[in-house]
Amino acid sequence: MNGKAYLLLADGLLVEGKAIGKKGTSGGEICFNTGMTGYQEIYTDPSYHGQIVVNTSAHIGNYGTVVEDNESGSPKIQGIVINEFSKEFSRKTAKESLQTYLEKHGVVGIADIDTRKLVRHIRSKGAMNAIISSELTPEQLKEELKKVPSMDGLELSSVVSTKQPYFAGDTNAPIKIAALDVGIKNNIVKCLAERGCYVQVFPAKTTYKEMEEWKPHGYFISNGPGDPSVMDYAIKTVKDILEADKPVFGICLGHQLLALAAGLTTFKMHHGHRGLNHPVKNLISGLGEMTSQNHGFAVSDKELDKHPNVEVTHVHLNDKTIMGIRLKNKKAFSVQYHPEASPGPHDSRYLFDQFLAMIKS
């Protein structure tokens, strides 16, 4: 532990706590995740790039870290805010403590915070920029906070995306999937490979023409960070895939990019959806699903009547936001949430099977 730390929010709220992780200063958009487990999966999810994450679960660090839980090569968050931080861990398979892990990867954090009170504040005021420091005074933090860019209009996918294409799965698999990595999670690739797909993961700015040279049977558009509306390069790629009438499936940011390519618009949410317990209704089957979600932007329903080929397939039961669409005139569908969720829930894994059935048909 590194002594005292401060958390300063853009609206002026200053909180004092105990420094954890790396000694230093880090700023980003503050958000909260309501998951009771899976802190390592959260920290390594590329969709969180540019964000400080408040864990609402009271105890963090109590089961250590293992390599298998990583959703990418390293933590992507700008910082963490925790209630009770544990240097001790109980899991037999864990090789190191969360403190060691955070220090090794340069993640700044603050603990001993009343996270319930902080979450109520964010729910009331909305997502905003914040800064954590274990080295600066509150006065110095005010100046540093001004330098943190707004998430609105920020393109981050090209920062977290792979720099070189890579492969996953069996080379002799009957189905080849081209995955556009705009912030992909490891478990998505695993879910496709487990279902008999040979996957090639391409960098964010790869064109449709470049991916098509590999002759894939279908295209996958991944999750990722930042504002989808400014990602002209990726929207064009998705439009080209649709124009060529190829099967396509999008998750999270991929869902937003499909919607934008189809003519819909997106908007920045008040405080977003982040957690493992979000109720969604599948309007096709009539069934409910518990889902894992992580998004601060959503697809707007305002332009729906102008696009009769876009059908809403899933809605969030808490706020009625669009959680899934399909294009009636194309082999294309997407969902806002995470069917590959690790550690869970697994209610929505059927969507991968649906994608493969669409390719085979």
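This passage looks at the ring contacts and the pockets of a predicted model.

Start with the rings. The count comes to 10 aromatic pairs. One of them joins Phe167 and Tyr198, which are stacked, with 5.3 Å from centre to centre and just 10° between the planes. Phe167 belongs to strand β10 (residues 166–168) and Tyr198 to strand β12 (residues 197–202), so this pair ties together parts that sit 31 residues apart in sequence. The partners differ in how much surface they show: Phe167 is partly exposed, at 46% relative accessible area, whereas Tyr198 is buried, at 12%. Elsewhere, ring pairs link up Phe220, Phe249, Phe333, Phe352 and Phe355 as a cluster.

Rings also meet charges here. Lys176 has its charged end over the ring of Trp214, 4.8 Å from the ring centre. In the case of Lys205, the charged end sits over the ring of Tyr233, at 5.1 Å from the centre.

Now for the pockets. The largest has a volume of about 310 Å³, and 18 residues line it, with Phe32, Thr34, Arg123, His271 and His278 nearest its centre. Two or more lining residues come from each of α3 (115–125) and β15 (266–282); β15 gives the largest share, 8 residues. Sorted by class, this lining holds 3 nonpolar, 11 polar and 4 charged residues.

The second largest pocket holds about 160 Å³ of space. Its lining includes Lys239, Leu242 and Glu243, along with His307, Pro308 and Asn309. Helix α8 (residues 232–243) provides the largest share of that lining, 3 residues. By class, the lining of the second largest pocket splits into 6 nonpolar, 3 polar and 3 charged residues.

Notes:
Residues numbered from 1 in each chain as written. Predicted model: local features only at pLDDT ≥ 70, side-chain atom pairs only at ≥ 80, totals over all residues. Heavy atoms only, no water. Phe/Tyr/Trp six-rings, centres within 6.5 Å; stacked < 30°, edge-to-face > 60°. Helix = DSSP H or I, 4+ residues; strand = E, 2+ residues; numbered from the N terminus. Buried < 20%, exposed > 50% of the residue type's maximum accessible area, 1.4 Å probe, protein only. Lys NZ or Arg CZ within 6 Å of the ring centre and 35° of its normal. 1 Å grid on protein atoms, 1.4 Å probe; cavity = no way out; pocket = protein on both sides within 12 Å on 5 of 7 lines; lining within 4 Å. Points joined across faces, edges and corners; volume = space filled by probe spheres on them. Nonpolar A, V, L, I, M, F, W, Y, C, P; charged D, E, K, R; others polar.
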